[in-house]
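Thank you all for coming. I would like to walk you through one structure this morning, going slowly, and I will explain the terms as they come up.

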Amino acid sequence: MTNERGQIIGGGLKDIIIREKNGENLELGELLIVENASQSDERNYTILQVKDIEYKSQAHQSTHELLSGMKLEGYDPDLEFMEPELTNYNLGRAKSLLYVQEKITGGEREYITKSPKRLPNFFSPIKSIEESDLKFLEPKNIENSIYLGDIRSGSTVEEGIKVYIDLIKSLTHHILIPATTGRGKSNLVKVMLWSILDTEGAGILVLDPHDEYYGDSIKIGLRYHPKKDEKLEYYSPDKDNDDAVTLAINVKKIRPYHFSGIGGFSSAQTEAIRTIYNKYKSNWITKIAKGIDRDVLKEMGVHEGTAEVLKRKIETKLGVYSVDIDEDNPAMGKKCIFNSNLFVGGDYGLSTVEDIVMALEDEKVIIIDSSKLSDFEELFIGSIITSNIFNKYKRYNSKELKNKPVISIVIEEAPRVLGQDAIESHGGNIYGTIAREGRKFKIGLIAITQLSSVIPRAILANMNTKIILGNEMSPERSAIINSASQDLSDDERIIASLDKGEAIVSSVFTRFAIPIYTPEFKKYVKEYLDEIPQDKTKDLKTMVIG
């Protein structure tokens, strides 16, 4: 066997012991191949992954200590072992990831993959993984897949082997992206969204708290995609943003359930809101802001003090309050003032939510610039749009739903809406509902978080694809490992050692936990544009390259 790295000398399926060949330097997380004996011309092999490396020696430890001391103290600086490559060596410990059968039927190469249930032969040589060993990973339909990155073996990136996941299945069954700060979460999401713009069958809502996905004349973003005019829309509450559609939502479109689990209303206040809405319908917010007559409140069974609290909260959260129409004549009544560019009155902003929902159904990527919004405003806007699309999809019959695209919502700092407290607060919120029930209605989440441990295990288990980036916090690694789709119980050290851009893809839609490296977004975009005819991308290339 060429490219021999070592030999199997013991262990079991989860702990195969490999003696490293002198000078080969096995690496934590590296992928290896061992050929299995076959009675036919068919090739079958097992993929291994190095999970630990340790020193070993035929000499006793006391001998090492003595000789080391003699060298350190200058007794015999030329002292060394006889045949050191045989006496001292490294042992690698590896786990079996996948058993692969490769055969040719009718001129077509076919791969059968199984969970390993047998040990490779004793003293079997091992080698580094090659592109030909991973051909089974190639998707049958790239146009309906999401690109995540290239196969990574340890710290070596195999750029010829690209990793994709199924678009519809992965988005419907939710994606979790856990990592500490600075490990490449945003870069990964940018690459994924760029890839999704080339697909069919999905609409994506992106709540962007750092305004980093769309890009501008300086910062490379999705606006440079060749299909941006037909597939991408960008909303911002900033009226001076010439690239964006102004994000303004008329308060007549707000319903009481939009506040569920987000507004911070008590049970009594929530009940009062529903009662007031049932009486005044779309004018319920302006009625609260202007003040409701105490006799009407009594008739509705709403406490006057509760109504006053609601009035203050509507002003604080939505920027809606009232003043006298005529200061000199209060009997003339009151008018509403809308002290926000986001929540408006009159006839302005009546179609914003419907326009966004329609665009999502048209398989577009919708980016909401929430960089200048408060936490409440960002989550509330998402709640309004997400609730509308969820309720709309629930009303479709099975035949209609089958022909609808999957909708996915990208949410940063996911524990704000998926954490234990948020899920249990006053019946939960729409994001938690989607995490539990969304797959039935083709609606999913792409949840990004630094703190997986505060998300309930039942929710984590529903996130059937996890793209795990580096994390040095043990409680977070444990939460991720305990809810992963594959057995990652031996991967704590590997996860802790992941550098920026390195990740492990654990999914029910992959046969094993795949180590990947996601390229830098700008480099990825440049290579993407290089593959397109020059006349179609000349201006784009100029802007990207600078």
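Let me begin with a question: which residue in strand 5 is the bridge partner of L48? The bridge partner of L48 is S96, and before I say more about that strand, I should tell you what kind of model this is. It is a predicted model, in which local features need pLDDT of at least 70 and side-chain atom pairs count only at pLDDT 80 or more, while totals for chains, interfaces and linings use all residues. Residues are numbered from 1 along each chain as its sequence is written, and side-chain values use heavy atoms, with hydrogens and water left out.

For the overall picture, the protein chain has 20 helices and 23 strands, where helices (H or I, at least four residues) and strands (E, at least two) are DSSP runs numbered from the N terminus. Its C-alpha atoms fill a box of roughly 105 × 55 × 45 Å along the principal axes. Of the 546 residues, 50% are buried, and buried here means under 20% relative accessible area, with a 1.4 Å probe and protein chains only.

Now back to strand 5, which covers residues 88-105. Strands pair if DSSP finds at least two bridges between them, and strand 5 pairs in the antiparallel sense with strand 4 (residues 43-57) over 14 bridges. Strand 2 (residues 15-20) is joined to strand 5 by four bridges, again antiparallel, and there I17 has R93 as its bridge partner. Seven bridges join strand 5 to strand 6 (residues 108-114), also antiparallel, and in strand 6 it is E110 that stands opposite K103.

Let us turn to a loop. T180 lies between strand 10 (175-178) and helix 4 (185-196), and T180 counts as buried because its relative accessibility is 13%. Leaving aside neighbours within four places in sequence, T180 is in contact (heavy atoms within 4.5 Å) with K185, Q450, G470, N471, E472 and M473.

Finally, please look at helix 19, residues 521-530, where F521, Y524, V525, Y528 and L529 are buried. Seen down the helix axis, these buried residues fall within an arc of 130°, taken from the directions from the axis to the C-beta atoms, so they line one face of helix 19. As general background, an α-helix has 3.6 residues a turn, so residues three or four places apart point the same way.
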